[in-house]
Amino acid sequence: MRYFLEFSYRGTAYNGWQKQNNALGIQQVLEEALAKVLRMPVELTGSSRTDAGVHAEQQFAHFDLPEPVSDADLLVYKLNALIPKDIAVQRMIPVGDEVHSRFAATHRKYEYRFTYQKNPFLTDLATQMRRNLDVTRMNEAAALLLIHHDFESFSKIHTNVNNFRCTITESRWVESDEMLVFHVKANRFLRGMVRALVGTMLEVGRQKINVADFEQVILSRNRKNAGAQAPAEGLFLVEVGYPDSLFN
């Protein structure tokens, strides 16, 4: 029997999603809690990987059990009683035996959040910066992401992928009195891609490069030409999409 687990987390205290030998990941915490509740080892497969310090408002993982769970709501309650306060499980959903949390996803959406003012309630949840950016030019750069598909320039090097192609369907900066947020949605993302995109568009906003230069960075397919990664603290995985029929 295969189940999806929907959950969220504040990533500050963790070394990303994936479990590791020498650091604590979200995956390890959830697997250990599931093993205690179910009294058997459980292996989770996540829909997306997040780096150390990155947060998730919505994340999914799947796991298999030899028998159906009689009360999924009770299991979720018990899980939330075991895991730390910075991780929360929302629901557990039965799915077909072949449904894969990563490969069945139709899209993922991220937000990168800046705050213009020091705010103790956003510590580690947004990157503080001065209001000195040309947001109009940053949105011109962001619009270019909708017409290009190869994003090797924004991928971590030595990444084991077949290709660097992604289809981005949303890319925009939204500014308010206190916040500046980058919204980006795509069928897939490369390792480090969103933080590298943000870091490079900041150079546009600071007028260190122009919009045409930004497009040349995309076309160069060379990570050395892109800007530095933005800090992890401002990045949120906010949505993982699946076909409507999946959970019926």
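Trainee: Which residue has its backbone nitrogen 3.0 Å from a polar atom of the side chain of Gln 58?

Mentor: Good place to start! This is a predicted model, where local features need pLDDT of at least 70 and side-chain atom pairs count only at pLDDT 80 or more, while totals for chains, interfaces and linings use all residues. Residues are numbered from 1 along each chain as its sequence is written, and side-chain values use heavy atoms, without hydrogens and water. The backbone nitrogen that lies 3.0 Å from a polar atom of the Gln 58 side chain is that of Val 240.

Trainee: Which side chain makes a polar contact with the side chain of Gln 58?

Mentor: A polar contact is a pair of N or O atoms within 3.5 Å; within protein, one must be able to donate a hydrogen and the other to accept it, and residues adjacent in sequence count only if both atoms are side-chain atoms. At 3.0 Å, the side-chain partner of Gln 58 is Glu 6.

Trainee: Is Gln 58 buried or exposed?

Mentor: Gln 58 is found in strand β3, residues 55-64 (strands, E, at least two residues, and helices, H or I, at least four, are DSSP runs numbered from the N terminus). Leaving aside neighbours within four places in sequence, Gln 58 is in contact (heavy atoms within 4.5 Å) with residues including Phe 7, Leu 237 and Val 238. Buried means under 20% relative accessible area, exposed over 50% and partly exposed in between, using a 1.4 Å probe and protein chains only. Gln 58 has 17%, so the word for Gln 58 is buried.

Trainee: Over to helix α2: how wide an arc do Leu 75, Val 76 and Leu 79 cover around the axis?

Mentor: These three residues of α2 (72-82) are buried, and what covers the buried residues of α2 includes β1 (2-9), α1 (26-38) and β4 (87-95). On the other side of α2, Asp 73, Tyr 77 and Ala 81 are exposed. The arc is taken from the directions from the helix axis to the C-beta atoms. The buried three lie on the same side of α2 because their arc is only 100°.

Trainee: Which residue caps the N-terminal end of α2?

Mentor: Look for a side-chain oxygen 3.3 Å from the backbone nitrogen of Asp 73. The oxygen belongs to the capping residue, Asp 71.

Trainee: What is the relative accessibility of Gln 128?

Mentor: Gln 128 lies in strand β6, residues 127-128. Not counting residues up to four places away in sequence, Gln 128 touches Thr 115, Gln 117 and Lys 118. Gln 128 counts as partly exposed because its relative accessibility is 48%.
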